Amino acid sequence: MKQIIYICSPFRGDEEANAEKARNYSRQLVMKGLIPFAPHLLFPQFLDDKNPDERALALEMNLTFLKHCQTLWVFGDTISEGMKLEIGAANELGIP
């Protein structure tokens, strides 16, 4: 079975550019025979990241999906607050 890789990269700020980067990271993983999961490409389709309640809900869902991934890969030059939460959760769950 192929590994599911959680993509941890910035979203806030330049959301359009950051989403494009996440798409590129996802493609790179597919080309390596892996299955990418980039929640910041999914949840902003129907949740408003600028709404604190909806952002909290998205982060909660991110962590639920993280539990089903074999590894978390960090991309980008910046570690955002949301990324810190995801990395911390992966560490607590023993997900490399």
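User: How should the cysteines be read here, and how far is the sulfur of Cys 8 from the closest cysteine sulfur?

Analyst: A disulfide is a covalent bond between the sulfur atoms of two cysteines, and the criterion applied is a pair of cysteine sulfur atoms within 2.5 Å. The sulfur of Cys 8 has its closest cysteine sulfur in Cys 69, at 11 Å, which is too far for a bond, and the count of disulfides comes to zero. This is a predicted model, in which local features need pLDDT of at least 70 and side-chain atom pairs count only at pLDDT 80 or more, whereas totals for chains, interfaces and linings use all residues. Residues are numbered from 1 along each chain as its sequence is written, and side-chain values use heavy atoms, with hydrogens and water left out.

User: Are Cys 8 and Cys 69 buried or exposed?

Analyst: A residue is called buried under 20% relative accessible area, exposed over 50% and partly exposed in between, with a 1.4 Å probe and protein chains only. Cys 8 is buried, at a relative accessible area of 0%, and Cys 69 also counts as buried, at 7%.

User: Which residues make up the largest nonpolar core?

Analyst: In soluble globular proteins, nonpolar side chains tend to be buried together. A nonpolar core is taken as a set of buried Ala, Val, Leu, Ile, Met, Phe, Trp, Tyr and Cys residues joined through side-chain atoms within 4.5 Å. The largest one here has 10 residues, namely Tyr 6, Cys 8, Phe 37, Leu 66, Cys 69, Leu 72, Met 83, Ala 89, Ala 90 and Ile 95. Strand E1 (4–8) and helix H4 (81–93) each contribute at least two of its residues, and H4 has the largest share, with three; helices (H or I, at least four residues) and strands (E, at least two) are DSSP runs numbered from the N terminus. Apart from this core lies another, of seven residues, including Ile 5, Leu 29, Leu 34 and Ala 38.

User: With which residues is Met 83 in contact, leaving aside its neighbours within four places in sequence?

Analyst: Contact means heavy atoms within 4.5 Å, and on that basis Met 83 touches Cys 8, Ser 9, Pro 10, Val 74, Phe 75 and Thr 78, once those neighbours are set aside.

User: How is a helix such as H1 read, and which of its residues are buried?

Analyst: One begins with length, where the expected span is 1.5 Å times one less than the number of residues. Helix H1 (residues 15–31) has 17 residues and should therefore span 24 Å, in agreement with the 24 Å between its end C-alpha atoms. Its buried residues are Asn 18, Ala 19, Ala 22, Tyr 25, Ser 26 and Leu 29; because they cover an arc of only 115° around the axis (taken from the directions from the helix axis to the C-beta atoms), they lie on the same side of H1. Glu 16, Arg 27 and Met 31 are exposed on the other side of H1. The buried residues of H1 pack against E1, strand E2 (35–37), helix H2 (39–42) and strand E3 (71–74), and just after the helix Gly 33 takes a positive phi of about 85°.

User: What does the same reading give for H4?

Analyst: H4, with 13 residues, reaches 19 Å from its first C-alpha to its last, close to the 18 Å expected. Gly 82, Met 83, Glu 86, Ala 89 and Ala 90 are buried in H4; these buried residues fall within an arc of 125°, so they line one face of the helix. Exposed on the other side of H4 are Glu 81, Asn 91 and Glu 92, while its buried residues pack against E1, H2, helix H3 (52–66) and E3. Gly 94, which follows H4, has a positive phi near 75°.

User: How many aromatic pairs are there?

Analyst: Rings of Phe, Tyr and Trp (its six-membered ring) pair if their centres lie within 6.5 Å, and planes under 30 degrees apart count as stacked, over 60 as edge-to-face and the rest as tilted. The count comes to six aromatic pairs. Tyr 25 and Phe 75 are stacked, because their ring centres are 4.2 Å apart and their planes stand at 15°. Tyr 25 lies in H1 and Phe 75 in the loop between E3 and H4, so this pair ties together parts 50 residues apart in sequence. Phe 43 and Phe 65 form a tilted pair, 6.0 Å centre to centre with 45° between the planes. Phe 43 counts as buried at 5% relative accessibility, whereas Phe 65 is partly exposed at 36%. Ring pairs also link Tyr 6, Phe 37, Phe 43, Phe 46 and Phe 65 into a cluster.
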